[in-house]
Amino acid sequence: MIPAIIEALLESRHLLVYTGAGVSAESGIPTFRDALTGLWARFDPARLATPEAFTADPELVWGWYEWRRQRVLRAVPNPAHRAIAELESRLSRVTLVTQNVDDLHERAGSQGVIHLHGSLQTPRCFDCGERYGSLARELDEPEEGRRLAPPRCASCGGPVRPGVVWFGESMPEAALQQAFEAAAECDLLFSVGTSGLVYPAAQVPQIASRNGATVVHINPQPVAASKPREYSLPGAAGVVLPQLLQAAFPD
Ligand code: BV8
Ligand code: ZN
């Protein structure tokens, strides 16, 4: 473990934890790019996760999201989610910003999670935007690739869509604002399990770095850490984060 990182953690006034699909990988949730395993491998996620794809084929897209939502319902938070919730209780100020659409951070006890790309738990009408509240709890395990007709909106009869931000859609303004402000203000940022490909979310660690924060990438794939005070901790989040916690706060 790198002493400078432990020191920065113990002295941190404001830690920003920024997560991507990799933080949920050890809960069995496929990461975004391999979310298209099996039958879904035929599709490019950037094409499937778009309003155009939903308009063209609502059953294919709704079926994919319901399959993913059912996977989340059956998953449990892993040691990475729990270590992040533990850090929140031990440090004076922690902001958690996620690109993920699952609720595993919340289920691990994290509060005030900032979801930059929405969530599977907040479907709404594609036409009038009204929230849709009665998603089936546990469908029988949908097999991959099953097309599902989306429910219809009670008010206008429009098709219900997942409450996520698709490619080409803008992010919830408040969430983005909050995330960028926290990035400009934090003194330490952990970037956990993200390929950093999608914008503007990927600007969060860049803003932190520009403002002099220490930035630590936690990812089994080593991440180029070229800026001052930037580190790469190669490894799985569910292993590295508990190790960090243990080194900083030995029980
Ligand atoms: C917008 C929700 C405009 C849906 C998602 C060209 C250049 C730059 C940008 C663009 C461009 N062309 C188009 C754009 C814009 C586009 C974009 O960035 N495209 C990319 C592909 C180039 N962005 C947008 O469209 C955004 N909107 O720009 O709007 C606009 C502006 C004003 C007004 C109107 C419009 C909206 C993007 C949001 C898309 N929605 N998710 C859904 O989930 O289905 S994106 C989705 O993929 C995720 O949310 C995440 O953000 C993104 C990347 O996923 P990651 O989380 O990083 O996961 P990934 O699989 O990639 O990587 C996993 C990582 O974990 C890996 O590194 C792996 O090594 C690691 N890992 C694996 N196991 C572990 C682990 N790490 C730790 N522990 C482990 N055990
Ligand atoms: Zn409606």
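Here is a walk through the structure, one selection at a time. Keep in mind that this is a predicted model.

**Stop 1: the whole chain**

Start zoomed out, with the protein chain as a cartoon. You should be able to pick out ten helices and eight strands. Along its principal axes, the C-alpha atoms fill a box of roughly 55 × 30 × 30 Å. How does the radius of gyration fit a compact globule of 251 residues? Such a globule would come in near 18 Å, and the protein chain has 19 Å, which agrees.

**Stop 2: two domains**

Now color by domain. Select 1-28 + 77-119 + 171-251 for domain 1, and 30-74 + 124-161 for domain 2. Measured or not in your viewer, the centres to look for are those of the C-alpha atoms, and 28 Å separate domain 1 from domain 2 on that basis. Eleven residues from domain 1 and eight residues from domain 2 make up the contact.

**Stop 3: the seam between them**

Zoom in on where the domains meet. Together domain 1 and domain 2 bury about 580 Å², with 58% of that on carbon and sulfur atoms. On the domain 1 side, show Ala 21, Gly 28 and Arg 107 as sticks: these lose the most area to domain 2, together 47% of what that side buries. The domain 1 residues that touch domain 2 sort into five nonpolar, three polar and three charged.

What holds charges or polar atoms together here? Between domain 1 and domain 2 there are zero salt bridges, but two residue pairs are in polar contact across the interface, both at pLDDT 80 or more.

**Stop 4: salt bridges**

Side chains of opposite charge can pair when their charged atoms come close. The structure holds eight salt bridges, and two of them are worth a visit.

- Select Arg 13 and Asp 187. Their closest N and O atoms are 3.4 Å apart. Arg 13 sits in the loop between helix H1 (3-11) and strand S1 (15-19), while Asp 187 is in the loop between helix H8 (173-185) and S6, so this pair links distant parts of the chain, 174 residues apart.
- Next, select Glu 185 and Arg 93, where the closest N and O atoms are 3.0 Å apart. Glu 185 lies in helix H8 and Arg 93 in the loop between helix H6 (79-90) and strand S2 (94-98), so the pair ties together parts 92 residues apart in sequence.

**Stop 5: two backbone oddities**

Most residues other than glycine have a negative phi, and most peptide bonds are trans. Two spots here go the other way.Go to Tyr 199 and Pro 200: the peptide bond joining them is cis, with omega near -5°. Pro 200 is in the loop between strand S6 (188-192) and helix H9 (203-210).

Finish at Arg 229, in the loop between strand S7 (214-219) and strand S8 (230-234). Phi of Arg 229 is near 60°, a positive value in a residue other than glycine.

Note on methods. Residues numbered from 1 in each chain as written. Chains lettered and ligands numbered in written order. Predicted model: local features only at pLDDT ≥ 70, side-chain atom pairs only at ≥ 80, totals over all residues. Heavy atoms only, no water. Domains from an automatic or database assignment. Contact = heavy atoms within 4.5 Å. Buried area = accessible area lost by both parts, 1.4 Å probe. Salt bridge = Lys/Arg side-chain N within 4 Å of Asp/Glu carboxyl O. Polar contact = N/O pair within 3.5 Å; in protein donor to acceptor, adjacent residues only side chain to side chain. Nonpolar A, V, L, I, M, F, W, Y, C, P; charged D, E, K, R; others polar. Helix = DSSP H or I, 4+ residues; strand = E, 2+ residues; numbered from the N terminus. Rg over C-alpha atoms; globule rule 2.2 N^0.38 Å.
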